[in-house]
Amino acid sequence: MATTESSASIASVTLEVADLEAAHRFYTAFGVGTRIRLLASEAHTTGFRGYTLALTVSRPATVDGFLGAAVDAGATVLKPAGKSLWGYGGVVQAPDGTIWKVATSAKKDTGPAAREIDEIVLLLGVEDVKASKQFYVGRGLTVARSFGGKYAEFVSGGSDAVKLALYKRRGLARDLGVATDGSGSHRIVVGSTAGPFTDPDGFAWEAATTLTPAPSTACALP
């Protein structure tokens, strides 16, 4: 489906963290400091939070560079980088608990590693992909592609915007190498031109029109 001027999109992603300064240091070292916001929060959460943030990059060497930077800054490896049918990638968990996937569709390097992100995807693990897809369509998001009740992806708002995608919760946990069980806060707030609302799986969305500096209670990474 073609994108339109009126399509809603994600303008910001805010991670709720217990230690703002530590999270600030980690995400700056990881290389995504300009793409997310941080908010101090002690909200209770256990196990899988039901989502992952994924970086799409150009080549395997760049995947290794981002994953190496994350581990050096304190991340835990959940799935070591390696080849698969779809390309090359790996999964790490940040010290604040957020799970990050770094991947490329390329299986061989065609040049040196570059600290450049082609795209950030917010992948939500949902109970019913079809129902959640219709919910977001009703909020103004435009479907880019969909595979029945297994996966759905929406049009992003531009080259620097975060893309939304939906995957079955159990399948997403398996792909990330974690147990599917989890409860409490998701520890993420999505800023969107479609907000505010809470989706069928409990993810919180707030009204936003652009990736503006965070309010005094939040930390927008420089």
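1. E153 is a buried residue in this predicted model. Its relative accessibility is 8%, and the cut-off for buried is under 20%, so E153 falls on the buried side. E153 sits in strand β10. Its side chain meets that of K163 in a salt bridge, at 3.2 Å from N to O. K163 belongs to strand β11, and the two residues are 10 residues apart. The pair is described as linking distant parts of the chain.

2. E153 has another partner. R145 forms a salt bridge with E153, with the closest N and O atoms 3.3 Å apart. R145 is partly exposed, and its relative accessible area is 43%. So here a partly exposed residue pairs with a buried one.

3. K163 also has another partner. Its salt bridge with E119 brings the closest N and O atoms to 3.0 Å. This pair, too, links distant parts of the chain: E119 is in strand β8, K163 is in strand β11, and 44 residues separate them. Are K163 and E119 buried or partly exposed? K163 counts as buried, at 12% relative accessibility. E119 counts as partly exposed, at 22%.

4. Now put the pairs together. Through shared partners, the salt bridges join E119, R145, E153 and K163 into one network. In general, side chains of opposite charge can pair when their charged atoms come close. The count of salt bridges comes to 4. Among them are K163 with E119, R145 with E153, and E153 with K163.

5. Next, helix α3. The helix covers residues 129-138. Which of its residues are buried? They are V129, S132, K133, F135 and Y136. Seen down the axis of α3, these buried residues fall within an arc of 160°, so they line one face of the helix. An α-helix has 3.6 residues a turn, so residues three or four places apart point the same way.

6. What covers that buried set? The cover includes β8 (119-126), β9 (143-147) and β10 (151-154). It also includes β11 (162-168), β14 (197-198) and β15 (204-207). Strands β8 and β11 appeared above, as the strands that hold E119 and K163. Strand β10 appeared as the strand of E153.

7. The ends of α3 deserve a look. At its start, a side-chain oxygen of D128 reaches to within 3.2 Å of the backbone nitrogen of K130. After the helix comes G140. The phi of G140 is positive, near 100°.

8. Turn to W86. Where is W86 found? W86 is in the loop between β5 (76-83) and β6 (88-93). W86 is partly exposed, with a relative accessible area of 42%. Its side chain makes a polar contact with the side chain of S84, at 2.9 Å. Leaving out residues up to four places away in sequence, W86 touches K101, A103, T104 and S105. Take T104: W86 and T104 are 18 residues apart in sequence, and their C-alpha atoms are 8.3 Å apart in space.

9. Last, S192. This residue lies in strand β13, which spans residues 188-192. S192 is buried, with a relative accessible area of 1%. What does S192 contact, leaving aside its neighbours within four places in sequence? S9, I10 and A11 are among its contacts. W205, E206, A207 and A208 are in contact with S192 as well.

Methods:
Residues are numbered from 1 along each chain as its sequence is written. This is a predicted model: local features need pLDDT of at least 70, side-chain atom pairs count only at pLDDT 80 or more; totals for chains, interfaces and linings use all residues. Side-chain values use heavy atoms; hydrogens and water are left out. Buried means under 20% relative accessible area, exposed over 50%, partly exposed in between (1.4 Å probe, protein chains only). Helices (H or I, at least four residues) and strands (E, at least two) are DSSP runs, numbered from the N terminus. The arc is that of the directions from the helix axis to the C-beta atoms. Contact means heavy atoms within 4.5 Å. A polar contact is a pair of N or O atoms within 3.5 Å; within protein, one must be able to donate a hydrogen and the other to accept it, and residues adjacent in sequence count only if both atoms are side-chain atoms.
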